[in-house]
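Biologist: Before we discuss this model, could you show me the sequence and the structure together?

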Amino acid sequence: MRSIRTRLMVALLTLAASASLLAGLLTYRRVLAETSTLFDYQLRQMALSLRSQVSLAPRIELPPDQGDTDFVIQIWDRFGARVYLSRPGLPIIDRTALGYADLMLQGHAWRAYGLQTVDGVIQIAQPERVREALARAAALRVIVPLLLFLPILGVAIATVVRRTLWPLRRLATEVQQRDAHSLAPVSMARLPQEVAPLIQELNRLLARLETAFAAQRAFIADAAHELRSPLTAVSLQLQLLERALDAEAQHDALTSLGTAVNRSIHLVEQLLTLARSEQPDLSAALAPMALDQVAAEAISDTHALALTRHIELHLDAEPGTLVRGDQAALRTLVRNLVDNAVRQAPAGSQVRVRCRGTSAGARLEVIDGGPGIPPAERERAFDRFYRRANAPEGGSGLGLAIVKAIAERHAARVTLEDTPGGGLHASVSFPSLA
Amino acid sequence: MRVLVVEDDRMIAQGLQTALRQDGFAVDWMPDGKSAAAALHASRFDLVLLDLGLPERDGLQLLRDLRQRADATPVIILTARDEVQDRIAGLDAGADDYIVKPFDLDELAARMRSVMRRAAGRADPEITHRGVRLNPVTHSVEQHGVPVPLSAHEYAVLEALLQRPGAILSRAQLEDRLYGWGEQVESNAVQVYIHGLRRKLGSGVIRTLRGVGYFVPKA
C-alpha cells in the first residue's frame, strides 16, 4: 500500500530541505564573491598605503606583526632582497607575483597582491580561509534557521496533508458502512473536486446494486410467499391423512397430497427456470435452429397434460423456419405458452400452434379457446406470480414471466391478443437471422 | 357452528372443509372477496376464516366493510403474509386472530374455539349449566359427573343452545349451524336431535317455545 500522506510528507520535506541547502550554497557563493572583491580591494589599498610610507622612508623598520591580523606583508628592495616580513617563520612567497594571485602555501590557499614600487616590491597576502569563513558563516546564517524550522514545517505539512486527505478518510468510513442492506449513496457534500467523479461513479454503482438487490429480495420474498400456498395444501392433506379413520378418507387424502406435492414441485421448477432465464448462461451462445422443430418438441412435452384435459393439440409449422436461439430455452418458451393454453382451454377444445417465417424474421403463435386475458391486464400478465381470479389449479403464475425473460434474451417480442372466439392469441416475433 | 372459509386456493379450501367438518363444523367456502361479501350479507356465520390475498376484493377490505356495518362475526385471518405489519394491519382492521400458513389443524381448531368463546363472552372453555358440562375441546358432555355419549349433530345443537342460555334459536338457525350450503337437510333433522338430547339428558334441559324455537332456561 502506498500512502499518499507518507509520499507527500517525504516529498515536501525533502523539497524544503533541498531548498534550504540550495539557498545556503547560493549564499555561500555570493558572499564569497562579494568578500573576495572587498578583500581584494583592501589588499590593494593596504599595498598602496604601504608604498607611500615605504617610499618616503625606505629604511623605516616596520614593527613585526603581533599575530592579530590575517595579513602577511613582505617588502623587497629593488635588488630583490627582502627588507621586511610581517610574520617571520612563514615560508617565502614568490616575489615575482605582481597583481592578484592565488597561492598555495603549506597546503593552505592564500590570496596575494604584489605592487611594484620605485624601491622594490610590496606584497600583501591573506589566507583564503578568512574569506571562506565569512562566506560559510553567512551561509550558515541562512541554512541553520531554515533547518531548525524544518520540524515545524514537517508538523505543518502533516497537518495540512491530514486535513486535505480528511474527506478521503470520511469517504472510507462512509463506504465501510455500506453492505447489501444499506446501499444509500455516499454524500457528495464538501468533497474535493478531484474525488467527486470517483464518488459519482461509486454512487451510480451503489444505485445499480441497490436495484439488483431489491429485485432479488423481492423475488425471494415472492417465491417464499408463493411456496406457502402449495406447502399449506401439502401440510393440510398430511394432517388429514393422519386423522383419516377409514380407507376411503385415507385414499382421498393421499390423492390430494400427491396433487399438492406435484404442485409444489411444479412451482419450484418454474422458479428455477425463471431464475435461469433471467440470468442466462452466457456460454450457451445463440445459434441458428429450426423453430418448427423446437415447437414440435415442446408440443410433445405437453402432450400428456393435453390428453388428460381432453385438449386437441394442433401444430401448423412451416418446415425450416430458422431463428437464432438457445434450443433448451426456446423449448421452455414454447412449452410454457402451450402449457398455459392447455390449462386455460375448455375440455374438448383445440389449441393451435403456428410457426412461420415473416418478412421481419419468424413468428410463433399459440391460440387457445380459453377465457383470454382482458386488455387492461395484459401488461401485468407478464409479472411474476400473476394469476387471474379463478385461474385453473396448478399454475405457478410464472409461465408468462419465463416466456418474457427468454424472449428478451432472443430479442423477440411477445404480444397477447384476443382470438375472435374470445380466447388468447399469444405471438412471439423473432428477428431475422441476418 | 357454522364457518365461512374465504380462500382462493381451491386445494387449501377443500382440505380445510374436510378437516373442519370432521371437527363438527358446518362449512361454506367462497373463493373470492366479492362472493364472500355477498355470503356475509345474506347469512349469519359463527366464524369466518379469511385469506387476505383474494381476487376481486382484498380480504382486509372485506373485513373493514364487515366491521363498518357493525357486524361482529368473529374473523380469523388465515394468510401466507407473515410480516409483523401485515399482522398489525389485520388485527387493527378488526380480525380476532391471525394465523400464518402453513398451520396445524389442531391449533387452528383451538384458536377457533378460543375466538368463539370470547365472542360468547366466556373465559372458561368448558360450559357448565345446571349440572350439564360441555367440553368444546373433546366434544364430550357430562351430566352430574356422568359422561353422556352424544352424536356429532346432537353435540352441535347442545353447544349452540348452551352458549347463550335463555336465547331462543329457531329451527332454521340451528340448521344453519349444522349444515353448510348444498348439504342435504332432512326436514325434521333438528327435531330428531332435540329428541335425542332430551332422551339422554332429561326433558327439562331443553325447552321448546312453540312456533318460535328452542332454548336452555337461564339458571
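Biologist: How many residues does the contact take from chain A and from chain B?

Modeller: The contact takes 18 residues from chain A and 17 residues from chain B, where two residues are in contact if their C-beta atoms, placed from the backbone, lie within 7 Å. This is a predicted model, in which local features need pLDDT of at least 70 and side-chain atom pairs count only at pLDDT 80 or more, while totals for chains, interfaces and linings use all residues. Residues are numbered from 1 along each chain as its sequence is written, and chains are lettered from A and ligands numbered from 1 in the order in which they are written.

Biologist: Which element gives the largest share of the side of chain A that touches chain B?

Modeller: That share, 12 residues, comes from α3(A), and helices (H or I, at least four residues) and strands (E, at least two) are DSSP runs, numbered from the N terminus.

Biologist: What makes you say that strand β2 of chain B is largely enclosed by the rest of the structure?

Modeller: A residue is buried if 20 or more other C-beta atoms lie within 10 Å of its own, exposed if 12 or fewer, and partly exposed in between, with C-beta atoms placed from the backbone. In strand β2 (residues 26–30) of chain B, 5 of the 5 residues are buried, so the strand is largely enclosed. A26(B), D28(B) and M30(B) point one way from β2(B), whereas V27(B) and W29(B) point the other way. In a regular strand the side chains alternate between the two faces of the sheet.

Biologist: How do you know that β1 and β2 of chain B pair?

Modeller: Two strands pair if DSSP finds at least two bridges between them, and strand β1 (residues 2–6) of chain B and β2(B) pair in the parallel sense over 5 bridges, with V6(B) standing opposite M30(B). The definition is therefore met.

Biologist: Why is the unit of β1(B), helix α1 and β2(B) called right-handed?

Modeller: A crossover is right-handed if, with the strands pointing away from the viewer, the path from the first strand over the helix to the second runs clockwise. β1(B), helix α1 (residues 10–22) of chain B and β2(B) make a right-handed β-α-β unit, so the path here runs clockwise in that view.

Biologist: What makes β2 and β5 of chain B edge strands?

Modeller: The open sheet of 5 strands has the order β2-β1-β3-β4-β5 in chain B, with parallel pairing. Its edge strands are β2 and β5 (97–100) of chain B, each of which pairs on one side only.
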